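Colleague: I am new to reading protein models, and I would love some help with this one. Could you walk me through it?

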Amino acid sequence: PAASVSISMTSPSLRTLSFARRCPPSSWPGGAASGDGRRPSRRLLSRGRDVLGGYSIETTAKLRFSQDFFSSRLPRGTSVYVAAINGTCVEDVFRLCKQLREQGMCPVPHLAARSLRDLDELRGWLELARENDVEECLLIAGDNPKANGNLESSMHVLESGLVEGSSIKKINIAGHPEGSLKIRDPLQHLQAKTRWAERHGIAMDIVTQICFNADMIFDFCMQVRSLGINNTIRVGMTGPISLSKLVKYAAVCGVGPSIQLLSSKPDLAFNLSQNDMSPLLHEFLRKIDDVSNLHG
């Protein structure tokens with residue numbers, strides 16, 4: 001699945017952007033040795049550049065940025081996800097989206113189904129997207145334990161009949177390498193959403209929750225492909241973040257096994273907290289490369 005896997009960096013910290021400027025993902029995994037001491041082959045480095053070249057990042061509308069903040073740090077056309085944190089005004093979300101578009105970025109606001117009161121509020125959200133030249137979004141159910149209205153899942157939004165006539169041309173949906181406590185069969189839900197996208201001619205990518213276990217990430221990718229789902233998978237990884245915030249962020253996202261892995265592998269936790277994702281990336285890319293070798 002190498003050609004259709006890319007990286008999405010998430011972090012509640014502004015340091016993600018300055019990190020991207022100092023150390024662009026095209027230079028990652030670099031020539032450094034992986035966790036087992038082996039250096040990546042030239043082929044693996046080439047594959048790494050393919051996977052990392054189309055990276056995206058995430059920020060929030062609660063932060064304030066200068067007029068050239070993104071354009072001076074990120075390549076033109078970079079997808080910047082705008083998180084819908086509780087308490088964030090939707091107008092602020094689209095104000096940032098407009099700023100991102102003006103700086104040559106691709107704004108991708110989060111649309112959380114459970115935060116919507118009704119279809120009228122969904123119509124209003126889609127109208128703001130049109131007014132601010134937004135053509136892509138991340139559609140999620142949201143963290144609210146109880147829906148504010150009758151839209152309880154992302155599938156309810158898709159089936160509302162409102163998305164097709166909107167400015168949205170591409171919808172990203174959530175993938176869960178470690179499973180989900182809120183979704184009984186996550187892969188079945190993925191199938192339903194990707195089939196909906198095929199029927200309606202709308203592009204759709206799968207953006208995974210953060211995960212620090214290369215085996216789980218790879219197994220998830222293979223399970224998705226075994227179901228005939230060939231949509232691009234964007235692997236979620238944290239940007240630069242302190243170790244304490246990393247554990248807290250993982251807990252909020254509900255990625256229990258990853259927290260356990262961090263506890264059992266202090267070296268990995270330290271590397272991640274020091275902005276060094278290369279051991280995890282090397283391991284994941286090697287697994288992709290091994291499958292490619294098996295199948296020619």
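Here are a few questions and answers about this structure.

Modeller: Happy to help! This is a predicted model, where local features need pLDDT of at least 70, side-chain atom pairs count only at pLDDT 80 or more, and totals for chains, interfaces and linings use all residues. Residues are numbered from 1 along each chain as its sequence is written, and side-chain values use heavy atoms, with hydrogens and water left out.

Colleague: Is Ile-85 buried, partly exposed or exposed?

Modeller: Buried means under 20% relative accessible area, exposed over 50%, and partly exposed in between (1.4 Å probe, protein chains only). Ile-85 has a relative accessible area of 37%, so Ile-85 is partly exposed.

Colleague: Which residues is Ile-85 in contact with, leaving aside its neighbours within four places in sequence?

Modeller: Contact means heavy atoms within 4.5 Å. Thr-60 is 25 residues from Ile-85 in sequence, yet their C-alpha atoms are 7.4 Å apart. With those neighbours left aside, the contacts of Ile-85 are Thr-60 and Lys-62.

Colleague: How many bridges pair E5 with strand E6?

Modeller: Strands (E, at least two residues) and helices (H or I, at least four) are DSSP runs, numbered from the N terminus. Two strands pair if DSSP finds at least two bridges between them. One bridge joins Glu-136 to Lys-170 in E6. E5 and E6 (residues 170–175) run in the parallel sense, and their number of bridges is 4.

Colleague: How many residues of strand E5 are buried?

Modeller: Strand E5 spans residues 136–140 and is mostly covered. Out of its 5 residues, the number buried is 4.
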